[in-house]
Amino acid sequence: GRLLAAPGLVCGGCYSALDLRQIPGQWPRRHLLPELKPLRPILFIGPPIEVLCDESIWDELEQAGVAGVAPAQLSIMDPEGNEPIPLVPAPDRVHPRVLAALGDAPAERTPVAPFSPRRDLYEGLPWQPPDLPDRLSAQAEDLHEGLREGARRGFQIHFNDDKGHFMDFPTRRLNLLSRHLCDPDVVSLLVARAVDTAENFPECSAIYLDGVNYRWDIKPGHPDDVFEEKLGDEESRRFASERGISMQRVFDGRARFADRLRSLSPGVAEDSVNNLNGAMGAIEWWLEEPDVVEWLRFKAAAIEWHIASAYAGIKHHRPELQVGVMWRQPAVAALSGYLPRRIRAHSDFQMPKEYWWAGGWAGLKGTVVNWVDTLVEWNDGLSPEQASRWFSAVFDYPLTPGYRVTDYHNEAPQEWFDTAVDDQTRKMIESCGGVDRMVPVVSLEHSGTPLTAIELDRLLGVLQRHGVQRYLYASFNSITSDVWSVIAKYGR
């Protein structure tokens, strides 16, 4: 049974799924590999989501095997708004339908929620969403009808938590700041928006929670630098005190972590590589500094509380609404405060991010490059190869012979997908509780060096071999013809 569920793991991981196909002998291939099933995307669609008002789009999506759509921001575009945002800054890398919706040229618009709020849901909260202007009511109804048509035709309609939009919320960045992760008002706002949206758009069957994590990078000046994260706010201190966590130990733990990273002589690094065998060896390294564990415990407790509270609130009002939660790859999940096995109880499905690009932010190749480069800069005599092996040992991330970390800005060979991507995907599936409780998020870039269509093909091949049948693709707006061909190849 396990062989069929995870074809990339055979004989303790000696062979990859690709190797299996090449093993000579009397066993037919059907005895080794499960029948490959269609891998159907749900398309994340950013503004302008008015593209969904054109009935012909559903024919196009159906032909490509698309399972559903999920507005990244359930909104309509107001050309007269007072806070316009740039849309389609690079017309050569955008889906033609998106460009056509803006008059075939880059444009600026203000996103507006397509319904007026139910005020009682927000009573007592410091943030109040605005009413829908009367002049946009017809535009909002067009969007309603577009989504109703999609639902009538059998497409899943999901939406993203939008609490950072449409109101005077402290940040419009989806990744919450530490003070938001421990703030009950932020959770109440999340629940209110989820309930309000679901009541106005009953076609929606699921909500995605994104950005519920702490930081995980160490590159100075990077948006996700763990050492620049503000943890001393009032809400974080209150949260820690109520749970018997010493904030001083949390700060000391982060400082000790930094000290250890700056003390990686070649000898220390090689000792770690030689002695941190598997997960238990890595745990031993972390436990050598108890305050580091306290720092990680605080982050994990805050994340679990935030998600559990939001899940309970949503289910109290809308028990039929499914809740999916996004998280980072297994290699860095614990450092970001996310423990997927514990989140199983507070979600209907989980959404680990298959983010693999280099450069920019949030892609795992870029994260590994940042760690290796920074460790080399901080430690005299430490080579990139030694830093790479150390990262691999401590974070249980496999390296690929012939594709060094210093090559990560180049297109990845199939061997890398058969090792690193296969390894992380297998761990995602196990952590989520099986493929039926997982909707991975696939994207090509957040700036940086984007994955190519060839790399997307190889990535989707890994997911399909592991039995994954649905994923969220982010986003429809930037799909080019070669990428669309790959998506349709697996979706049909």
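This passage walks through a predicted model, from the whole protein down to a helix, a pocket and a few single residues.

Starting with the big picture, the protein has 492 residues, and 56% of them are buried. Its secondary structure adds up to 19 helices and eleven strands. Looking at contacts with a separation of 6 or more, 77% are between residues 24 or more positions apart. As for the outside, about 20000 Å² of the protein is exposed, and carbon and sulfur atoms account for 50% of that.

Helix H19, which runs over residues 481–491, gives a good view of the interior. Its buried residues are Val483, Trp484, Val486, Ile487, Ala488, Tyr490 and Gly491. An α-helix has 3.6 residues a turn, so residues three or four places apart point the same way. And what lies over the buried part of H19? The cover includes two strands, E1 (40–45) and E11 (470–474), along with helices H3 (56–63) and H18 (453–465).

Next comes the second largest pocket, with a volume of about 880 Å³. Its lining takes in 27 residues, and those nearest the centre are Ile283, Trp286, Pro330, Ala334 and Leu339. Several helices share the job of lining this pocket: H11 (278–287), H12 (290–317), H13 (330–333), H14 (340–343), H16 (384–395) and H17 (414–432) each put in at least two residues. Helix H11 gives the largest share, with five residues. By residue type, the lining of this pocket splits into 20 nonpolar, five charged and two polar residues.

Turning to single residues, Arg238 sits in helix H8, which covers residues 234–242. With a relative accessible area of 27%, Arg238 counts as partly exposed, because that value falls between the 20% limit for buried and the 50% limit for exposed. Setting aside neighbours within four places in sequence, Arg238 touches Cys182 and Pro184. Although Cys182 is 56 residues away from Arg238 along the chain, the C-alpha atoms of the two are separated by 8.4 Å.

That leaves the cysteines. A disulfide is a covalent bond between the sulfur atoms of two cysteines. The structure has zero disulfides. Two other cysteines can be placed by their accessibility. Cys432 is buried, because its relative accessible area of 1% is under the 20% cut-off. Cys53, at 32% relative accessibility, is above that cut-off but not over 50%, so Cys53 is partly exposed.

Terms used:
Residues are numbered from 1 along each chain as its sequence is written. This is a predicted model: local features need pLDDT of at least 70, side-chain atom pairs count only at pLDDT 80 or more; totals for chains, interfaces and linings use all residues. Side-chain values use heavy atoms; hydrogens and water are left out. Helices (H or I, at least four residues) and strands (E, at least two) are DSSP runs, numbered from the N terminus. Buried means under 20% relative accessible area, exposed over 50%, partly exposed in between (1.4 Å probe, protein chains only). Contact means heavy atoms within 4.5 Å. Accessible areas come from the Shrake-Rupley method with a 1.4 Å probe; for residues, only the protein chains shown count as cover. A disulfide is a pair of cysteine sulfur atoms within 2.5 Å. On a 1 Å grid over the protein atoms alone, a cavity is a set of points where a 1.4 Å probe fits but cannot get out, and a pocket is an open set with protein on both sides within 12 Å along at least five of seven lines; lining residues have an atom within 4 Å of a point. Grid points are joined across faces, edges and corners, and a volume is the space filled by probe spheres set on the points. Ala, Val, Leu, Ile, Met, Phe, Trp, Tyr, Cys and Pro count as nonpolar, Asp, Glu, Lys and Arg as charged, and the others, Gly among them, as polar.
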